[in-house]
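Visitor: I am new to this structure and would like a close look at just one part of it. Please pick a place where two pieces meet and walk me through it.

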Amino acid sequence: MAKKIIELQNLAKTYKVGDTEVQALRGISYSVDEGAFVAIMGPSGSGKSTLMNIIGCLDKPTSGNYILEGEDVSTFDKNKLARIRNQKIGFVFQTFNLLSRTSALENVELPLLYSNVHTKQRHEMALHALESVGLKNRAHHKTNQLSGGEQQRIAIARALLNNPALILADEPTGNLDTKTSSEIMDIFTKLNVEKGITMVMVTHESDIAAYARKRIHVRDGQIIRED
Ligand SMILES: Nc1ncnc2c1ncn2[C@@H]1O[C@H](COP(=O)(O)OP(=O)(O)O)[C@@H](O)[C@H]1O
Ligand SMILES: [Mg+2]
């Protein structure tokens with residue numbers, strides 16, 4: 001049997017807003033094998049981003065356990081979570097989250113800016129990551145001079161920089177047209193197949209979810225179906 005990279009055990013998340021409580025997750029149990037490609041689907045407000053934030057060590061569950069590569073990270077404090085995040089996880093967002101008047105290269109280097117990696121090596125790593133998404137020739141363009149698809153590829157290169165075991169993508173094609181979306185999905189597929197990076201992606205589009213090898217459907221904070 002394949003090794004589990006992610007084990008979610010009865011996860012719940014409640015947000016308190018003033019006097020009201022929102023139960024965003026209500027008992028999620030699910031495991032992801034190393035090297036899997038999983039799509040999380042569900043309507044708006046069903047808890048997909050909340051789940052991704054927990055999987056990405058950006059937030060903690062209210063109850064339940066999250067085992068990441070054998071470690072129960074649900075007990076970790078903020079600093080420990082940040083360390084795990086930097087070591088293991090790459091993020092890709094719907095809105096790319098790039099610095100706009102900054103070059104592609106500098107955007108990709110960002111995760112290493114405060115590390116002890118030397119400038120020259122940082123450049124080399126960033127160029128290599130840009131090459132793996134087919135954008136080495138755009139390294140010195142400012143990101144606001146690039147198309148949406150190119151910007152998302154820069155964001156993917158940035159996510160690759162720390163050699164993540166896991167890439168999390170929340171609606172990565174939400175702002176892209178159909179053709180560009182399929183280019184982005186081809187890159188994810190290649191990273192998954194060739195580098196063995198585990199992919200977990202949120203989407204509400206079934207043609208995008210079709211690139212994944214497994215799909216889970218979330219509704220009202222619970223998994224209602226897997227296929
Ligand atoms: N930071 C927050 N504070 C309070 N409520 C939140 C917060 N984030 C999400 N929610 C609520 O939790 C539920 C799930 O949200 P979310 O995980 O963003 O769903 P999805 O990504 O599927 O649209 C929604 O009802 C939303 O309003
Ligand atoms: Mg969301």
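**Where helix 5 meets helix 6**

Guide: Let's begin with the crossing of helix 5 and helix 6, which is right-handed: the near helix is turned clockwise from the far one by less than a right angle, whereas an anticlockwise turn would be left-handed. What you see is a predicted model, in which local features need pLDDT of at least 70 and side-chain atom pairs count only at pLDDT 80 or more, while totals for chains, interfaces and linings use all residues. Residues are numbered from 1 along each chain as its sequence is written, and chains are lettered from A and ligands numbered from 1 in the order in which they are written.

To find the pair, look for residues 148–160, which form helix 5, and residues 178–195, which form helix 6. They pack at an angle of about 20 degrees, with axes 10 Å apart; axes are lines fitted to C-alpha atoms over the stretch in contact, and angles run from 0 to 180 degrees between N-to-C directions. The two helices are therefore roughly parallel, a label for angles under 35 degrees (over 145 is roughly antiparallel, 65 to 115 roughly perpendicular, the rest oblique).

Now for the residues themselves. Helix 5 brings Gly 148, Gly 149, Gln 152, Arg 153 and Ile 156, and these meet Thr 180, Glu 183, Ile 184 and Ile 187 of helix 6; contact means C-beta atoms, placed from the backbone, within 7 Å. By type, this contact has three nonpolar, four polar and two charged residues. Here Ala, Val, Leu, Ile, Met, Phe, Trp, Tyr, Cys and Pro count as nonpolar, Asp, Glu, Lys and Arg as charged, and the others, Gly among them, as polar.

Stepping back, the chain has seven helices and 10 strands, meaning DSSP runs numbered from the N terminus (helices H or I, at least four residues; strands E, at least two). Its C-alpha trace spans about 45 × 45 × 40 Å along the principal axes.

Notes. Contact = placed C-beta atoms within 7 Å.
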